[in-house]
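Please work through the exercises below with the sequence and the 3D view side by side, trying each task before reading its solution.

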Amino acid sequence: MDFQIERVFKGPGFAETLYLCVCNGQRIIRKVSNPDARAFSRTALVREIRLLLGLPSELKPFFPEVIRTNLGSQAEDSPDLPDISFYDMPYYPPEDGWVTLSTSLLEGGINMKEAHRVLGEILDTAFLYFTLDNCEPAGDYAETTMLRAIRESLAFTAKDNDLCGLLNIKNWRISGRSVCNFADIEDYFQDTSRMRSILTPQHNRFLHGDFFPENILYNRKLKRWILLDPVSVRGVHRGDFVLDINKMDDWLSGELPALRMGRFAVDVNQNNVEFAIHTRSGELDNLHQLGLTDWYKERLTDPSYAGVFSREPGWELRYLFVKVFYSTSMLPLADKQQAVARYFLALRTMAEFIERLENR
């Protein structure tokens, strides 16, 4: 097979490498697992390939086509999986108008009306796939989706020379609020009947898994969009619908891009921490100029979404825990400064989760 590489891209965490290639005369993107990636990252790519190949017909127009892959019929835990998995997808050229939706939102390449229209279509699609494929979750859903990953991340933190000191403080004060450190709340991260009852949704749904504008392509000329990179680096690809709507919320508010860009301040003095995320710094202010935070909150009350929310009692409390999960899951993958910020974000959010749990 004729295969020529034009450009190499590296993704966050370097779990995969993207190649812009010419293969059999066609320009494509090849997504390849890295041999030195963490085991859960390699599993995530296998799940992504499986998800894309098995999409229901209603969703195929919203995701890239799998042109070819070296993955056969093996399941993600098969002993005969290839050491390096890959799949090829179409190339969406910038000269034809394709950019990430995040670029358009941050650089002012889209007005408020168009931003709301596009995001509205994307949310409609999300709530469509929430209802297309759902079943009863397994009894160990909370453990396999979030709890185990949190414990693994905290175990990594305990062994990391740059981060382990954070775990040794008995109590933190974050921006004036006293919060418990992880060692004092470790029961919340165990697979107990209590945590299962709190965190297990009523339905195990199809998800995108990494649902935010950096993983959405938008065509400025054609006003079209397409969802990229389903399945998060932690392998999330189905489960609680809150996992998707939470990540989009964090991005549109400016919090997630601020963390990824280093737009935050952490000042530690013994056990006192002044912590701020600058969600309106620089180009992030464009998100607020577009009114995306208020628009998103209002859009989630759309009557057409009510059926999903009404069938998931307790979703508001799970929403907070999902934020803790996303914050801690990046501790082994983010650079030191970002990992420290995510650590304190997780502690602050966990304190709110516990307070709401005790007062409900």
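A strand here is a DSSP run of E with at least two residues, and strands are numbered from the N terminus. The model under study is a predicted one.

**Exercise 1.** Locate valine 8, and decide how exposed valine 8 is.

Solution. Begin with the secondary structure, where valine 8 lies in strand β1, spanning residues 3–10. Next take the relative accessible area, which is 47% for valine 8. Buried requires a value under 20% and exposed a value over 50%, so valine 8, at 47%, counts as partly exposed. Then turn to the surroundings: leaving aside residues up to four places away in sequence, valine 8 touches Thr17, Leu18 and Tyr19. Finally, the C-alpha atoms of valine 8 and leucine 20 are 6.4 Å apart, although 12 residues separate the two in sequence.

**Exercise 2.** Determine how many residues of helix α6 are buried, and inspect what follows the helix.

Solution. Helix α6 covers residues 242–252, and 11 of its 11 residues are buried. The buried set includes charged-letter entries to find in the view, among them Asp244, Lys247 and Asp249, as well as Trp251. Just after α6, glycine 254 adopts a positive phi of about 95 degrees.

**Exercise 3.** Describe how strands β14 and β15 are joined.

Solution. Strand β14 (residues 264–269) and strand β15 (residues 272–277) run antiparallel and are joined by 6 bridges. One pairing to trace is that of phenylalanine 264, whose bridge partner in β15 is isoleucine 277. Between the strands of this hairpin there are 2 residues, and glutamine 270 takes a positive phi near 55 degrees.

Conventions. Residues numbered from 1 in each chain as written. Predicted model: local features only at pLDDT ≥ 70, side-chain atom pairs only at ≥ 80, totals over all residues. Heavy atoms only, no water. Pairing = 2+ DSSP bridges. Helix = DSSP H or I, 4+ residues; strand = E, 2+ residues; numbered from the N terminus. Buried < 20%, exposed > 50% of the residue type's maximum accessible area, 1.4 Å probe, protein only. Contact = heavy atoms within 4.5 Å.
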